[in-house]
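Subject: Structure handover and notes

Hello,

Here is the structure we spoke about, with its sequence. My notes come after it.

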Amino acid sequence: MTTISTNLQAVRARIAAAAELAGRAVEDIRLLAVSKTFPPERVREAARAGQLAFGENYVQEGLAKIASLADPGLEWHFIGPLQSNKTRPVAEHFAWVHGIERLKIAERLSVARGEERPPLQVCIQVNVSGEASKSGVSPQDTAALALAVSELPNLKLRGLMAIPEPTGDMALARRRFATLRELRDALKRTGLALDTLSMGMSHDLEAAILEGATIVRVGTAIFGERARI
Ligand SMILES: *Cc1c(COP(=O)(O)O)cnc(C)c1O
């Protein structure tokens, strides 16, 4: 067995254990393997071990990897910050975008996606860490953005995403994730059909699952430490 398949098994076991602790069905939690900085061969290795959904942060790197891995079956998620001059290739080549924080970006993605393709699946990124984080829309502004995004024709708003500030404090981590869940639940009560909470990474996926994560985004625990770039 390769290291990646061993790592994947360990991550899946952590997800299953956390799901059991939370009293949740393990099928309700998807694993997104974050392959940023790792070459296509590593992605292929993970795919051979049954992992089909991958997350990328950088547009050029992601596009190159998608082009070199023509395996049908693979599903690509853009999870990094997105500038408006890069919306077209992302709309054309990715299935999901997790980090929507401005309406203008969402509008451009919708136009570029067009009507011929299935809708682009998107999540709104929320800043649940206050001053400790700069990215994501504030909790107060989430409802208005969600409503506007949900009306764009070629996007399908699936839910909310967050990257809380790193902390070794499990109680604090859970509080951040709970904030995202409560926001999602409040939006659902206004009539938006949201089924996704994209939250939890290598070091905090258990806390995220305990608070309702439906997608955990895991890089290091699968592919190893990233080189600093
Ligand atoms: C890099 C990254 C991850 C994965 O982080 P790890 O700590 O390596 O698991 C998850 N989500 C986002 C948005 C990232 O940029």
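The notes below go through the strands and crossovers, then two helices, then the empty space.

Please keep in mind throughout that this is a predicted model.

Strands S1, S2 and S3

I would begin with strand S2, residues 53-56. S2 is covered on both faces, with Ala53 and Gly55 buried on one side and Phe54 and Glu56 buried on the other. As background, side chains in a regular strand alternate between the two faces of the sheet.

S2 has pairing partners in S1 and S3. With strand S1 (residues 30-34), S2 forms a parallel pair over two bridges, and Ala33 is the residue that stands opposite Phe54. The connection from S1 to S2 passes through H2, and this β-α-β crossover is right-handed. S2 is also parallel to S3, with four bridges between them. Phe54 takes part here too, with Trp76 as its bridge partner in S3. From S2 the chain goes through H3 to reach S3, again as a right-handed β-α-β crossover.

Strands S5, S6 and S7

A second run of parallel pairs involves strand S6, residues 155-161, in which five of the seven residues are buried. Strand S5 (residues 120-125) pairs with S6 in the parallel sense over six bridges. Within this pair, Cys123 stands opposite Gly159. Helix H6 (residues 139-150) carries the chain from S5 to S6, and the β-α-β crossover is right-handed.

S6 also runs parallel to strand S7 (residues 196-198), to which three bridges join it. Gly159 appears again in this pair, where it stands opposite Thr196 of S7. The path from S6 to S7 leads through helix H7 (residues 170-189), in another right-handed β-α-β crossover.

Helix H2 and the loop before it

Which residues of helix H2 (residues 40-48) are buried? They are Val43, Glu45, Ala46 and Ala47. An α-helix has 3.6 residues a turn, so residues three or four places apart point the same way. The packing partners of the buried H2 residues are helices H1 (3-22), H3 (59-68) and H9 (220-223), together with strands S2 (53-56) and S3 (75-78). After H2 comes Gly50, which has a positive phi near 95°.

The loop between S1 and H2 contains Pro39. Because its relative accessible area is 32%, between the cut-offs of 20% for buried and 50% for exposed, Pro39 counts as partly exposed. Pro39 and Glu61 are 22 residues apart in sequence, and their C-alpha atoms are 9.3 Å apart in space.

Ser110 in helix H5

Ser110 belongs to helix H5, residues 103-113. Is Ser110 buried or exposed? Ser110 is buried, because its relative accessibility is 2% and the cut-off for buried is under 20%. Apart from neighbours within four places in sequence, Ser110 has contacts with Leu152, Pro153, Asn154 and Leu155. Of these, Leu155 falls within S6, which spans residues 155-161. For a sense of distance, the C-alpha atoms of Ser110 and Arg226 are separated by 32 Å, with their positions 116 residues apart along the chain.

Pocket and cavity

Rolling a probe the size of a water molecule over the atoms shows where empty space is left. The largest pocket holds about 290 Å³ of space. Its lining is made up of 15 residues, and those nearest the centre are Val34, Lys36, Asn57, Met201 and Arg226. By class, that lining comprises seven nonpolar, five polar and three charged residues.

How many cavities of 30 Å³ or more does the structure hold? There is one. The space in the largest cavity is about 30 Å³. Lining this cavity are Pro164, Glu165, Thr167, Ala173, Phe177, His203 and Asp204. Three residues of the cavity lining are nonpolar, two are polar and two are charged.

Those are the notes.

Regards

How values were computed:
Residues numbered from 1 in each chain as written. Predicted model: local features only at pLDDT ≥ 70, side-chain atom pairs only at ≥ 80, totals over all residues. Heavy atoms only, no water. 1 Å grid on protein atoms, 1.4 Å probe; cavity = no way out; pocket = protein on both sides within 12 Å on 5 of 7 lines; lining within 4 Å. Points joined across faces, edges and corners; volume = space filled by probe spheres on them. Nonpolar A, V, L, I, M, F, W, Y, C, P; charged D, E, K, R; others polar. Buried < 20%, exposed > 50% of the residue type's maximum accessible area, 1.4 Å probe, protein only. Pairing = 2+ DSSP bridges. Right-handed = clockwise from strand over helix to strand, strands pointing away. Contact = heavy atoms within 4.5 Å.
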